[in-house]
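Hi,

Here is the structure I promised you. Have a look at it first, then read on for what turned up.

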Amino acid sequence: MTVAAPSSAIGRWRARAARRGVAALAAALILLGLSVADLMTGPSGMTPAGIRDTLLAGPWGEDRAAATILWQLRLQQLVMGLIVGASLGLAGMLMQTILANPLASPFTLGFSAAAGFGAAGAILGASFLVLPVPQWILTPLCAFGATLLATGIIWLVARYKGTGPEILVLAGIAVLFFFQSLQSLLQFMATPEVLQQIVFWLFGSLLKANWISVQVSGAILLACLPLIARDIWALTALRLGETNAASLGLDVPSLRRRTFLVTALLTAGAVSFTGTIGFVGLIAPHLARSVVGEDHRLALPVAALAGAVILIAASVVGKLLSQGAAIPVGIITAVAGIPMLMAVIARHRES
């Protein structure tokens, strides 16, 4: 009996690890299928064989119409969706971990509201002033800068009042309403034409994507990955509770500060080019934990996959519902996020 017990425990651990590996593989396969579907859908349909041939021919292939549609429109939107979804999924998982709050997301600390204010300010300013910087560069640049400004405000509050979850959440809510009010003021001041541009940006759409935005957002995501990997074990320990994590020798305030900055960078890199996209950072971590548990070695990658799956699925649905002009993914994720959030609440109640 003394030998069978450890053997049985090892068997259960292996079976659980195998199930988690299968779940992660299934998420990757679902994402691959949705990516192909996203490339196929649109005003000009394409077959899987046509996509394959156009990809192999490169951006300067003989079929110029197919090459333009795939390489200059759909492919860059797809890659941008993968990057933004993964960034928001990772940011949501990190946020829920450091705040110990299942309803936390990148929006909790006001990052997205700050980005919206920065973009609205750039669009409104460009309508009054002749600026040396093109608007397609100025708008995401101002959105990114405003997000860093929100980060600095919360950082100052945390510096003087501590990095506890309550302090960060309260400071984040204050920043959220502050930038939302400034955003509303700019919309009130704008002319109808400028207001239309601001509102469209706030919807959140992959139609703004280009290869430059893909490179910038992708570089930010890649730069954050080593920082996240460095603290994977510490983040898993923090899920056991702040007291238990501290008893293991972890510097919890320092971990929160580092993770807070990484979350801000991920969110800024994601929303600065696409606009406000809600619920992805909230739902993706719950989907990841439901299939692979709390171990961040698997939960973080699966959260990134889940975020990408949600966003690409929203892109496909938006194209199918409106053949002429795709519905912005921010609207689709907001509508679909409500029943998903209710399912999360029901699941926590049952447990």
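Let me start with a loop residue: A100 sits in the loop between α3 and α4 (111-128). Its backbone caught my eye, as A100 has a positive phi of about 50° without being a glycine. Is A100 buried or exposed? A100 counts as exposed, because its relative accessibility is 60% and the cut-off for exposed is over 50%. Please keep in mind that this is a predicted model.

There is a second residue of this kind. F279, also not a glycine, has a positive phi of about 75°. You will find F279 in the loop between α11 (252-274) and α12 (280-292). With a relative accessibility of 22%, F279 counts as partly exposed; buried would need a value under 20%.

Now for the overall picture. The secondary structure comes to 14 helices and 0 strands, so reading along the sequence you just get α-α-α-α-α-α-α-α-α-α-α-α-α-α. The C-alpha trace spans about 75 × 55 × 35 Å along its principal axes. How does the radius of gyration fit with a compact globule, and what is its value? For 351 residues, such a globule would come out near 20 Å, and the protein has 21 Å, which agrees.

As for what is inside and what is outside, 47% of the 351 residues count as buried. The protein exposes about 16,900 Å², and carbon and sulfur atoms supply 71% of that area. On the charge side, there are 21 positive and 12 negative charges, and their mean positions are 8 Å apart. The contacts reach far along the chain too: of those with a separation of 6 or more, 77% are between residues 24 or more positions apart.

Next, the interior. The largest nonpolar core has 82 residues, and F111, I154, L266 and L300 have the most contacts inside it. Which helix gives the most to this core? That is helix α3 (residues 64-99), with 12 residues. Another core lies apart from it, with 14 residues, including A66, A67, L70 and L75.

F111 deserves a click in your viewer. Leaving aside neighbours within four places in sequence, F111 is in contact with M95, P106, T147, A150, T151, I154, F260, T263, A264 and T267. One of these partners, I154, is also among the residues with the most contacts inside the largest core.

Finally, the C-terminal part of the numbering. I327 is in the loop between α13 (296-321) and α14, and I327 is partly exposed, with a relative accessible area of 27%. If you skip the neighbours within four places in sequence, I327 is in contact with G318, L321, S322 and I332. Where does F203 come in? F203 and I327 are 124 residues apart along the chain, yet their C-alpha atoms are separated by 9.4 Å.

A336 belongs to helix α14 (residues 329-350). A336 counts as partly exposed, at 33% relative accessibility. A336 also pairs up with a residue further back in the sequence: I310 is 26 residues away along the chain and 9.4 Å away in space, C-alpha to C-alpha.

That's the tour. Shout if anything is unclear.

Cheers

Key: Residues are numbered from 1 along each chain as its sequence is written. This is a predicted model: local features need pLDDT of at least 70, side-chain atom pairs count only at pLDDT 80 or more; totals for chains, interfaces and linings use all residues. Side-chain values use heavy atoms; hydrogens and water are left out. A nonpolar core is a set of buried Ala, Val, Leu, Ile, Met, Phe, Trp, Tyr and Cys residues joined through side-chain atoms within 4.5 Å. Buried means under 20% relative accessible area, exposed over 50%, partly exposed in between (1.4 Å probe, protein chains only). Helices (H or I, at least four residues) and strands (E, at least two) are DSSP runs, numbered from the N terminus. Contact means heavy atoms within 4.5 Å. The radius of gyration is taken over C-alpha atoms; the globule rule is 2.2 Å times the number of residues to the power 0.38. Accessible areas come from the Shrake-Rupley method with a 1.4 Å probe; for residues, only the protein chains shown count as cover. Lys and Arg count as positive and Asp and Glu as negative; His and the chain ends are not counted. The place of a charge is taken as NZ of Lys, CZ of Arg, CG of Asp or CD of Glu.
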